[in-house]
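Work through the exercises below with the model open beside you. Try each task before reading its solution.

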Amino acid sequence: GSRVSPFAHFAIQLRPLGVSCILISQQPTSVSAAYRDNISDVIAFSSTRKADKEWIIEEYTAPNISKDTMKQIVETAWGGCGEEDDGETNHFLFIHKPPREKIEYYGDFDYSLTPVPNRKKQRDEKEDAKNKKIRYD
């Protein structure tokens, strides 16, 4: 089988101990999959590279949503969630994926982009705006 790098092995042992490790990478695919599988949060800054967007969609699409919906989530986050562009802000997608819990998506920490099941047709748009939620159908 494949051998896990010493860094990945170390990082895997940190989580049960409640220790945080922050890794910054411009090339996330160069980070061991064993390490990436054990992270709880990801901040993905906007990128003009198509491969970056495709990788995020492939790597972090929750099982209960489609890849098309995930593409919308990434594009919404990187586009500033509908806010007026000031030309200086670099928007990002924040992915919160605690172990054995539902994955949550946010734009710039402020906007919940996690798809909400559409159980009833009526939506309280004022409530969504107040809570900075964006819905996907």
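The exercises move from the overall fold to single residues, in a model that is predicted.

**Exercise 1. Fold and burial**

Task: List the order of secondary structure elements in the protein chain, and state what share of its residues is buried.

Solution:
- Step 1. Count the elements: the protein chain has five helices and four strands.
- Step 2. Read from the N terminus: the order is α-α-β-α-α-β-β-β-α.
- Step 3. Turn to burial: 31% of the 137 residues count as buried.
- Step 4. Look at the surface: the accessible area is about 9,800 Å², and carbon and sulfur atoms account for 49% of it.
- Step 5. Check the contacts: of those between residues at least 6 apart in sequence, 46% join residues at least 24 apart.

**Exercise 2. Helix α3, inner residues**

Task: Find the buried residues of helix α3 (residues 50-60) and name elements that cover them.

Solution:
- Step 1. The buried residues are W55, I56, I57 and Y60.
- Step 2. Their cover includes α2 (33-36), β1 (41-45), α4, β2 and β3 (104-107).

**Exercise 3. Salt bridges around helix α3**

Task: Pair up the charged side chains of K50 and E54, of R49 and D52, and of E75 and K53, and work out how far apart each pair sits.

Solution:
- Step 1. The whole structure holds six salt bridges.
- Step 2. K50 and E54 form one of 3.8 Å, N to O. The two are about one helical turn apart, because they lie four residues apart in helix α3. Residues three or four places apart in an α-helix point the same way, because there are 3.6 residues a turn.
- Step 3. Compare accessibility: K50 is exposed at 63%, whereas E54 is partly exposed at 44%.
- Step 4. R49 pairs with D52, with the closest N and O atoms 2.9 Å apart. Both partners are partly exposed: R49 at 45%, D52 at 23%.
- Step 5. E75 pairs with K53, again with a closest N–O distance of 2.9 Å. This pair links distant parts of the chain, since E75 is in helix α4 and K53 is in helix α3, 22 residues apart.
- Step 6. Extend the pair: K53, K71 and E75 are linked in a network of salt bridges.

**Exercise 4. A buried lysine**

Task: Which side chain of opposite charge is nearest to K97, and how far away is it?

Solution:
- Step 1. Place K97: the loop between β2 and β3.
- Step 2. D37 is the nearest side chain of opposite charge, at 5.9 Å.
- Step 3. Apply the cut-off: a salt bridge needs nitrogen and oxygen within 4 Å. K97 is buried and has no salt bridge.
- Step 4. List its surroundings: beyond four places in sequence, contacts of K97 include R15, R36, D37, Y60 and I103.

**Exercise 5. Positive phi**

Task: Are C81 and D108 buried or exposed, and what is the phi of each?

Solution:
- Step 1. C81 is in the loop between α4 and β2. Its phi is positive, about 60°, although C81 is not a glycine.
- Step 2. D108 is in the loop between β3 and β4 (111-112). Phi of D108 is near 55°.
- Step 3. Buried means under 20% relative accessible area. C81, at 9%, therefore counts as buried. D108, at 13%, counts as buried too.

**Exercise 6. Surface patches**

Task: Which residues make the negative patch, and which make the nonpolar one?

Solution:
- Step 1. The negative patch gathers E83, E84, D85, D86, E88 and D110. D86 sits in the loop between α4 (67-78) and β2 (92-96).
- Step 2. F7, F10 and L23 make a nonpolar patch of about 280 Å². F10 lies in helix α1 (residues 6-14) and is partly exposed at 45%.

Terms used: Residues numbered from 1 in each chain as written. Predicted model: local features only at pLDDT ≥ 70, side-chain atom pairs only at ≥ 80, totals over all residues. Heavy atoms only, no water. Patch = residues over 30% accessible without salt bridge, like charges linked within 9 Å, V, L, I, M, F, W, Y side chains within 5 Å. Areas by Shrake-Rupley, 256 points an atom, 1.4 Å probe, with all protein chains shown as cover. Lys, Arg positive; Asp, Glu negative; His and termini not counted. Charge placed at Lys NZ, Arg CZ, Asp CG, Glu CD. Buried < 20%, exposed > 50% of the residue type's maximum accessible area, 1.4 Å probe, protein only. Contact = heavy atoms within 4.5 Å.
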